[in-house]
Amino acid sequence: MAKDLTQLQIRSLPEVFNFTDGHVHRSLDENERKVAERLSDIFLSVERERQSEVERAYVDAFYGMYRQTINADKTKYLFLSSASLSLEVTANYVRMAGLDLALIEPCFDNLANMFKRHKVPLESLPDHYLEAENIDELLPTIKSKAICIVSPNNPTGITYTPEIFKKLVDFCKREHRLLIIDSSFRAYKDPDFIFDEYGLLQESGIDYILIEDTGKTWPTKELKVSLLAVSSNIYKDVFDIYTDFLYHHSTVVVRFLTEFIKVSAADNLKTAKGVVATNRRALYQALEGSFLTPREKGFTSVAWLKITNGMRADALCALLKANGIFVLPGQHFYWNGGTDQDGNGGDCYIRVALARDTDKFNRALVRLKEVFAQVAEPEPAELGSARQFPVVGEHLAEGLS
């Protein structure tokens, strides 16, 4: 029995049609390949450069691409190898500061698991708050001293507008709340939702922690950079935790990812966003007339699909797995047993990763449509079971364990 979503992802690693993890598994474009071919030169070149110079170049490139204000006096930038490690440092800080936490729901379950491991008291914050016109009425219902959101959210893609973000920041200032934002899917925001978040945060004077990541944007085979951006007021305490984990991140990896950022900045993230957009359109076409309905906003590299024929998510995932297609069930995302605005829980959803080569994704969609063609509406007594559904093709596998 898999304990969490990451364990489900690990089991699917060798599979051809693995759409479980949100990391990027597409081919390099021509300019990205040129950067990869220079890896040995990059490895040698950083021996002649100081760590601070390499990191400063990365900060300039990363935040420049996203049009964010850089202010080294008000925001300190720590380099880590993954967003999960950045979140672990953050969870340590929240515990040591004696804070309780309002955590967004649904979200990838490792966020809740980390804070639970540190025995941080958790309060559910429904992600639709991030797009609610009446957010002024909703925010005062949050009692916790720290607020942790994911924007764009994984899996729903919900994110905030500049107006809602300003109201959130104003609330945190007025009520003295710590604001934590996981922005790992920042690259997929629509231009209308891109604004200077860091400038607003720095001007506000509130305490904040932002987690940035490259793993959801570039296919660098797990060579990643996660920035932990911390307001100066709490930096010393966070830094003391950070140094228990790391001396510094690899200058080779930081320099390597800087070059990838420069390539994407030159084409306005066209390659990164284009593959995801193409696969999303193809998926939507394949789902027409089926029992799966897209429910995500188009601001992430995953699709969040609602099951409308009464099957449970784990049963559908088992059926798809038996036909060689690997996706994630929605139950784990609702870490507190919450529901969407229509009262549907996670057992009504599956998540499909989209950052894959389009030819492989299209081959999987052919098989998916074959499954659709043979799946009958289950009888009420059979809901939750995958055994009554046929296996399409010759690829056989055990159900989810």
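**Exercise 1. How many of the five residues of E13 are buried?**

Solution. Start with the term: buried means under 20% relative accessible area, exposed over 50%, partly exposed in between (1.4 Å probe, protein chains only). Strands (E, at least two residues) and helices (H or I, at least four) are DSSP runs, numbered from the N terminus. Now count: five of the five residues of E13 are buried.

The model is predicted: local features need pLDDT of at least 70, side-chain atom pairs count only at pLDDT 80 or more, and totals for chains, interfaces and linings use all residues. Residues are numbered from 1 along each chain as its sequence is written, and side-chain values use heavy atoms, without hydrogens and water.

**Exercise 2. Sort the residues of E13 by face.**

Solution. Recall the rule: in a regular strand the side chains alternate between the two faces of the sheet. One side of E13 holds Tyr349, Arg351 and Ala353. The other holds Ile350 and Val352. Both faces are covered.

**Exercise 3. Place E13 in its sheet.**

Solution. Strands pair if DSSP finds at least two bridges between them. The open sheet has four strands, in the order E9-E10-E13-E12, with antiparallel pairing. E9 (292-294) and E12 (328-329) are at the edges with a single partner strand each, so one side of each has no neighbour in the sheet.

Next, take the partners of E13. Five bridges link E10 (residues 302-307) to E13 (residues 349-353). Leu305 has Ile350 as its bridge partner, and Ala303 stands opposite Val352. E12 and E13 pair over two bridges. Here Leu328 stands opposite Arg351.
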